[in-house]
Number of protein chains: 2
Amino acid sequence: MSAPVAPLPQVEHQRTVFADGMALDCGAVITPVAVAWRAYGTLNAAKSNAILVCHALTGDQYVAERHPVTGRPGWWETIIGPGKPLDTERYYILCVNVLGGCMGSTGPREEKTDEQGRGLGHPWGTDFPPVTIRDMVRAQKKLMDHLGIERLLAVIGGSMGGMQVLEWAATFPGMVYGAAPIATAAYHSAQNIAFHEVGRAAIHSDPAWREGRYWEDDTIPAQGLSVARMVAHITYLSEQALTRKFGRRLRGASALTFLEDVFEVESYLRHQGSTFVRRFDANSYLTITRAMDYFDMAAEHGGDLSAAFRGTKTRFFVASFSSDWLFPTSESRSLVRALNKAAANVSFVEFQSDKGHDAFLLDEPEFHRALGGFLAGCADRLGV
Amino acid sequence: MSAPVAPLPQVEHQRTVFADGMALDCGAVITPVAVAWRAYGTLNAAKSNAILVCHALTGDQYVAERHPVTGRPGWWETIIGPGKPLDTERYYILCVNVLGGCMGSTGPREEKTDEQGRGLGHPWGTDFPPVTIRDMVRAQKKLMDHLGIERLLAVIGGSMGGMQVLEWAATFPGMVYGAAPIATAAYHSAQNIAFHEVGRAAIHSDPAWREGRYWEDDTIPAQGLSVARMVAHITYLSEQALTRKFGRRLRGASALTFLEDVFEVESYLRHQGSTFVRRFDANSYLTITRAMDYFDMAAEHGGDLSAAFRGTKTRFFVASFSSDWLFPTSESRSLVRALNKAAANVSFVEFQSDKGHDAFLLDEPEFHRALGGFLAGCADRLGV
């Protein structure tokens, strides 16, 4: 058995706290509720140039700057900045850590509060109520109200970020001028739920998890969370990407040993697992994977996905990647069909890429040009 | 932390022990070496009607009878029996537990022996040397020699069983009249290695594994092995199969809880994991997944797969399934191209199925008819 792993570092995040709290889809009320967020660029006087970027499962609000824990560049820094597709000289780019996250927004890692909002001296842990993608969006909406932003130039995001984009357009249609759901779907598939459940089972079976009360031991369920990350990471890539990166290359000269890492791909996966546990909270991982699994917009609208977008004036830019098998193009097509049925303004592109689901985070110039063009088109129409 | 899980039941298997032992690809020698096997039908006087069935990663020799541990029907009982495609009134059907397995053949669960073949009073555990697919085939060859079978009417198998079929045809070409590699490939892909590594990481991170010495505690690393089985099981199915079986169906009325099993697919997966640990040994799982990962027939033959089959007289029946993403049709096509380059006698069929990799084990009448026809054709030519 390996040595206990120290808890995540404490970082000061930029936060906005709403003392009135928030009611969740499950019926629970969280008081107060805090959102941690970052912004880049300048909000114009008309407050008409704001673009909300929604992050994916293990992303966070540090989208275009050095990450305070890992020291690595922001996860979408390639496309956010002066002169880039998300041009910070033209737009005001916002990104909010999701409700249930572990980078400063209210979530399992933050101090539990009672109904009067009094701190109870220990984290929420698994007492944190289940949240939905819509709950995440409602928390972001509170921040927009607080900032006086009545309409977002665009809401964009990939993967779980794309789920939030769809909920934004459906729940607050008047507030979303342009919507770019990328590498995503209007529901989480049985296969994706199954992969998530493997990750959760790995966390649950780590004795250090202790039914979520690992903070009492000043440690974390590092091994379980690492295995969860390993399996998820495979689903983010493609067979082609793995073959190009590693193929069957061996780490050492001799293959026929019981060494733990015989092939380079194994070593890479283990590295992904072990670095992840130093920046992400296991109970947050449980909470957020559940939120994704719950997501089914058609079910929220009487079984008819198009009903979610009836009468919408939002302009949609739907993007998928050809080698993405986690959120395959077929699921984007279903979404586009529903948008068509609602007579929505929608463009759809499947980008050719062999990088799998992760393509939306990587250097894909054609995708970046198209996304930048869509945002500029929205901005031109609004006179931004 | 859950209670310790009892070791696997001890079962008396039909075994043949070779006192002279066996040299492995890694250089180690195992003395003695035992193979556990089952046979159905009657070997004819000319010993010309024997078909060897090779089992997959978690299969075993109980291919056409009640399983002694689970009590369930044999894993290919649908196609083996009187009047079935593998007709026991015509053929003598053999199946051998692979070297490294846990159903009676020499493997990590059996008693460790020294170089003189003396028992050391405890299992091999992770002292068991790494084995290859070719080692498994060499052990089966010893049994064929012992039985006086000079030529097999056919060698057939799916998945890892298909890897053994290919090694049989390449290593003992004069002994294999017909070869049916099904839902397999001539190498294990980077993605497949990666999925195996997740399973191994789950076993390694289970404190009950104890670096493989769990037998000292009279328990097994049930949680780690269960997670390994869960992730593997997803790869055996297809998105379509999962959706058809479970879709997003909930187990109870209310979705928004932290209950471990919210969706039916989760409950199913957990069940798969928990039943598996009652019949399979964790160290065997580590050994056999490694053997699959090592498998790369082209590398064994100077980088040219066709060299493995140069001059072969074996008749090949290559079969794949359209929704199999673990061993996709493209890998069968590569194999067929190499066989063509060797001017081998080869037929290839991709069967339409939405059942994923597991299709080779399930009710696929078109596949069964084609396989039965191939075997009957071989038998007719040999006058069996």
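Tutor: Let's start with a rule: two strands count as paired if DSSP finds at least two bridges between them. Keep in mind that this is a predicted model.

Student: Okay, so in which order do the eight strands of the open sheet in chain A come?

Tutor: In general, the strands of a sheet pair through backbone hydrogen bonds, either parallel or antiparallel. Here the order is S1-S4-S8-S5-S11-S12-S13-S14 in chain A, and the pairing is mixed. Strands S1 (15–18) and S14 (345–351) of chain A sit at the edges, each pairing on one side only. Going from one strand to the next, the twist averages 20 degrees.

Student: What packs on the sheet?

Tutor: Helix H10 (residues 365–381) of chain A does, and it touches strands S5 (50–54), S11 (152–158), S12 (176–182), S13 (315–321) and S14 of chain A. The direction of H10 makes about 170 degrees with that of S12(A).

Student: Mixed pairing, then. Which sense do S4(A) and S8(A) show, parallel or antiparallel?

Tutor: Antiparallel: S4(A) and strand S8 (residues 92–96) of chain A are joined over four bridges. To spot one, look at Ala39(A), whose bridge partner in S8(A) is Leu94(A). For the other sense, hop over to chain B, where strand S11 (residues 152–158) and S12(B) run parallel, joined by six bridges. There, Ile156(B) stands opposite Ala180(B) of S12(B).

Student: How many residues of S12(B) are buried?

Tutor: To judge that, count C-beta atoms: a residue is buried if 20 or more others lie within 10 Å of its own. In strand S12 (residues 176–182) of chain B, seven of the seven residues are buried, so this strand is largely enclosed by the rest of the structure.

Student: Let me try the count on one residue. Is Trp37(A) buried or exposed?

Tutor: Trp37(A) has 21 other C-beta atoms within 10 Å, so it's buried. You'll find Trp37(A) in strand S4 (residues 33–40) of chain A. Setting aside neighbours within four places in sequence, its contacts include Gln14(A), Thr16(A), Gln61(A), Leu94(A) and Leu143(A).

Student: Now the bigger picture. Which domains does the assignment give for chain A?

Tutor: Two pieces of the chain, 15–190 and 301–381, make up domain 1, while 192–290 is domain 2. Over C-alpha atoms, the centres of these domains in chain A are 25 Å apart. In terms of contacts, 29 residues of domain 1 meet 22 residues of domain 2 in chain A. The domain 1 side of that contact has twelve nonpolar, 13 polar and four charged residues.

Student: How many residues does each chain give to the contact between A and B?

Tutor: People often give the size of an interface as the accessible area lost when the parts come together. Here we count residues instead: 45 from chain A and 45 from chain B. Helices H3 (190–204), H4 (222–236), H5 (239–245), H6 (264–276) and H7 (282–294) of chain A each give two or more residues to its side. H3(A) gives the most, with ten residues. Chain A's side divides into 26 nonpolar, nine polar and ten charged residues.

Student: And what rotation superposes chain A on chain B?

Tutor: A rotation of 180 degrees, with 0.0 Å of shift along its axis and an RMSD of 0.0 Å. That is the relation of a two-fold axis. Also, 100% of the interface residues of chain A are interface residues in chain B too, so the copies meet through the same surface.

Methods: Residues numbered from 1 in each chain as written. Chains lettered and ligands numbered in written order. Predicted model: local features only at pLDDT ≥ 70, side-chain atom pairs only at ≥ 80, totals over all residues. Domains from an automatic or database assignment. Contact = placed C-beta atoms within 7 Å. Nonpolar A, V, L, I, M, F, W, Y, C, P; charged D, E, K, R; others polar. Buried ≥ 20, exposed ≤ 12 C-beta atoms within 10 Å, placed from the backbone. Axes fitted to C-alpha atoms, helices over the stretch in contact; angles between N-to-C directions. Least-squares fit on C-alpha atoms with pLDDT ≥ 70 in both.
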